[in-house]
Amino acid sequence: MTESQTADTKAGQERADEQATMAERLQRLEDLEEIRQLFVDYGHHLDSGNFAAYGGLFADEGEVLLGPVGRAKGPAAIEALMSETMEGARGSSFHIVSNPIIELDGDRATTEVMWTVVARDAKDDATVTMLGRHRDTLIREGGRWRFLRRQGFIDVPSRYRTPEDPTGT
């Protein structure tokens, strides 16, 4: 091989390496954006009462663990849980999802987000009713990012209030 051929081969390999790196970087950005959209869709489907679409955000073996609200495994069971839990609440509260921390690892990811629930009070004013976090394990399933495990934590108030226990004791 001549010196010129060697230089051409090396330059070709460098271009191939750069393209691979660009493709990897682009894939990472696309993954991060799709995961961020998953969080937006979660809040939107929850607030709009579209619990079939909400359940569809979870993997076939996906599970949701929402403390006193309940737990379920699989999209159909998750849809049923939220339909039962949120029945009649459409439009009464709004979930704001913020501060996503996303750690990608191939077709898996771990995430943590903060959430805030804003509800209408008796005067139709907005009132912050809860603050908390979700810790998630995500997987790419069928070419899409889905929740494999979503665990919710309520930070404020320190005790969850229910109709049966309005003081949270």
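Start with the largest nonpolar core of this predicted model. That core has 23 residues, and the ones touching the most other members are Tyr42, Tyr54, Phe58, Val64, Met82 and Phe147. Several elements feed into it: α1 (3-48), α2 (51-55), β1 (58-65), α3, β4 (108-120) and β6 (144-156) each put in at least two residues. The largest share is that of α1, with six residues.

Tyr42 is a good place to zoom in. Setting aside neighbours within four places in sequence, Tyr42 is in contact with Tyr54, Leu57, Phe58, Leu66, His134, Phe147 and Arg150. Tyr54, Phe58 and Phe147 in that list turn up again among the core residues that touch the most other members.

Now follow β1 outwards to its partners. With β6, β1 runs parallel, and four bridges join the two. One pairing to look for is Val64 with Arg150, its bridge partner in β6. Arg150 is also one of the contacts of Tyr42, and Val64 is one of those well-connected core members. What about strand β2 (residues 71-73)? This one runs antiparallel to β1, and three bridges join them. Here you can pick out Glu63, which stands opposite Lys73 in β2. The two strands make a hairpin with five residues between them, and Gly67 in the turn has a positive phi of about 55°.

Next comes helix α3 (residues 75-86). Does its length fit the textbook rise, or what span should we expect? At 1.5 Å a residue, its 12 residues should span 16 Å, and the end C-alpha atoms are indeed 16 Å apart, so the two agree. The buried residues of this helix are Ile78, Leu81, Met82 and Met86. Look down the axis of α3 and these buried residues fall within an arc of 100°, which means that they line one face of the helix. Met82 is also on the list of core residues with the most contacts to other members. Swing round to the other side of α3 and you find Ala76 and Glu84, both exposed.

Further along the chain, have a look at Gly132, which sits in strand β5 (residues 126-141). Is Gly132 buried or exposed? Its relative accessibility is 1%, and buried means under 20%, so Gly132 counts as buried. Beyond residues up to four places away in sequence, Gly132 touches Val113, Met114 and Trp115, along with Phe153, Ile154 and Asp155. Gly132 also leads us to Pro157: the two are 25 residues apart in sequence, with 9.0 Å between their C-alpha atoms. Pro157 is in the segment after β6, and the peptide bond joining Val156 to Pro157 is cis, with omega about 0°.

That leaves a couple of backbone oddities to check. Asn99, in strand β3 (residues 93-105), has a positive phi of about 50° although this residue is not a glycine. Asp124 does something similar, with a positive phi of about 70°, and is not a glycine either. You'll find Asp124 in the loop between β4 and β5. At 52% relative accessibility, Asp124 counts as exposed, because the cut-off for that label is over 50%.

Note on methods:
Residues are numbered from 1 along each chain as its sequence is written. This is a predicted model: local features need pLDDT of at least 70, side-chain atom pairs count only at pLDDT 80 or more; totals for chains, interfaces and linings use all residues. Side-chain values use heavy atoms; hydrogens and water are left out. The expected span of a helix is 1.5 Å times one less than its number of residues. Buried means under 20% relative accessible area, exposed over 50%, partly exposed in between (1.4 Å probe, protein chains only). The arc is that of the directions from the helix axis to the C-beta atoms. A nonpolar core is a set of buried Ala, Val, Leu, Ile, Met, Phe, Trp, Tyr and Cys residues joined through side-chain atoms within 4.5 Å. Contact means heavy atoms within 4.5 Å. Two strands pair if DSSP finds at least two bridges between them.
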